[in-house]
Amino acid sequence: MTTAFKDAGDSVASVVCDVSNVADCEAAVAAAIKAYGRLDIVVNAAGVIVKGDPTKVTEKQWDQVIDINLKGTFFMCRSAIPHLKKTKGCIVNISSDAGIQGQVGHTVYCASKGGVANMTRALALDLASDLVRVNAVCPSDVMTPMLEHEAKTSGMPTEEYLRDNLKSYPQGENSRYLQPDDIADLILYLSSDSARGITGAAIPIDYGTSAGLW
């Protein structure tokens, strides 16, 4: 996707932002407006995960996951909505396959990402008359630093953890992890005019892990 941006001749501006802080969300949107004069697409992709026994989850861990995954997503949307109404823009929120089904050891993460998925549906209805579309992408495991961190802190050798994790996929020995570009391509489609009829959707991209039992 970086190559696509370069080929299009687009420039990229960046701003440091803590999405769990409402003022930072507002500042990030203001920086985008200052840099480009308008706002067409918002992608909420910041996220963290806590895994394990729910009886051992601390209040600090709960607050961190909910504040970044759910609160941050909402307040970034809230900050952007007035500008998106002007451009008839769109929002794409990153939920998870854990946002549309329960998963063992993921209670807090499921709570945060399930909130994102259903919040997306509600926002889509709230903004439909303004022609602002809102959708959620629900990936399974993506080969990113977050997955690598999970593996390194699992208590298992990293490669063993990654191999064992794929056993939950229906493709069996042909299972593989999603790559960041897989998610980026879906976001790009949902942000395009080709997806003008899609709003309020929580779309799995997970090799069928959320489809049911196998």
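This is a short walk through one buried serine, one pocket and a few salt bridges in a predicted model.

Okay, some housekeeping. The model is predicted, so local features need pLDDT of at least 70, side-chain atom pairs count only at pLDDT 80 or more, and totals for chains, interfaces and linings use all residues. Residues are numbered from 1 along each chain as its sequence is written, and side-chain values use heavy atoms, with hydrogens and water left out.

Let's start with serine 96, in the loop between β2 (90-94) and α4 (107-127). Those labels are DSSP runs numbered from the N terminus: helices are H or I, at least four residues, and strands are E, at least two. Is serine 96 buried or exposed? Buried, because its relative accessibility is 4%; the cut-offs are under 20% for buried, over 50% for exposed, and partly exposed in between, with a 1.4 Å probe and protein chains only.

What does its side chain do? There's a polar contact of 3.1 Å to the side chain of aspartate 97, and the serine 96 side chain also reaches the backbone nitrogen of alanine 98 at 2.9 Å. Polar contact here means a pair of N or O atoms within 3.5 Å; within protein, one must be able to donate a hydrogen and the other to accept it, and residues adjacent in sequence count only if both atoms are side-chain atoms.

Now, salt bridges, meaning a side-chain nitrogen of Lys or Arg within 4 Å of a carboxyl oxygen of Asp or Glu. How many does the structure hold? Five. One of them pairs arginine 78 with glutamate 26, closest N and O atoms 3.0 Å apart. Arginine 78 sits in helix α3 and glutamate 26 in helix α2 (residues 22-36), so this pair ties together parts that are 52 residues apart in sequence. Both ends are partly exposed, arginine 78 at 39% and glutamate 26 at 40%.

Then there's aspartate 130 with lysine 85, at 3.8 Å between the closest N and O atoms. That one links distant parts of the chain, 45 residues apart: aspartate 130 is in the loop between α4 and β3, and lysine 85 is in helix α3.

Last up, two backbone oddities. Most residues other than glycine have a negative phi. Lysine 88, though, has a positive phi near 55°, and leucine 131 has a positive one near 60°. Lysine 88 is partly exposed at 46%, while leucine 131 is exposed at 55%. Both turn up in the lining of the second largest pocket.

Notes. 1 Å grid on protein atoms, 1.4 Å probe; cavity = no way out; pocket = protein on both sides within 12 Å on 5 of 7 lines; lining within 4 Å.
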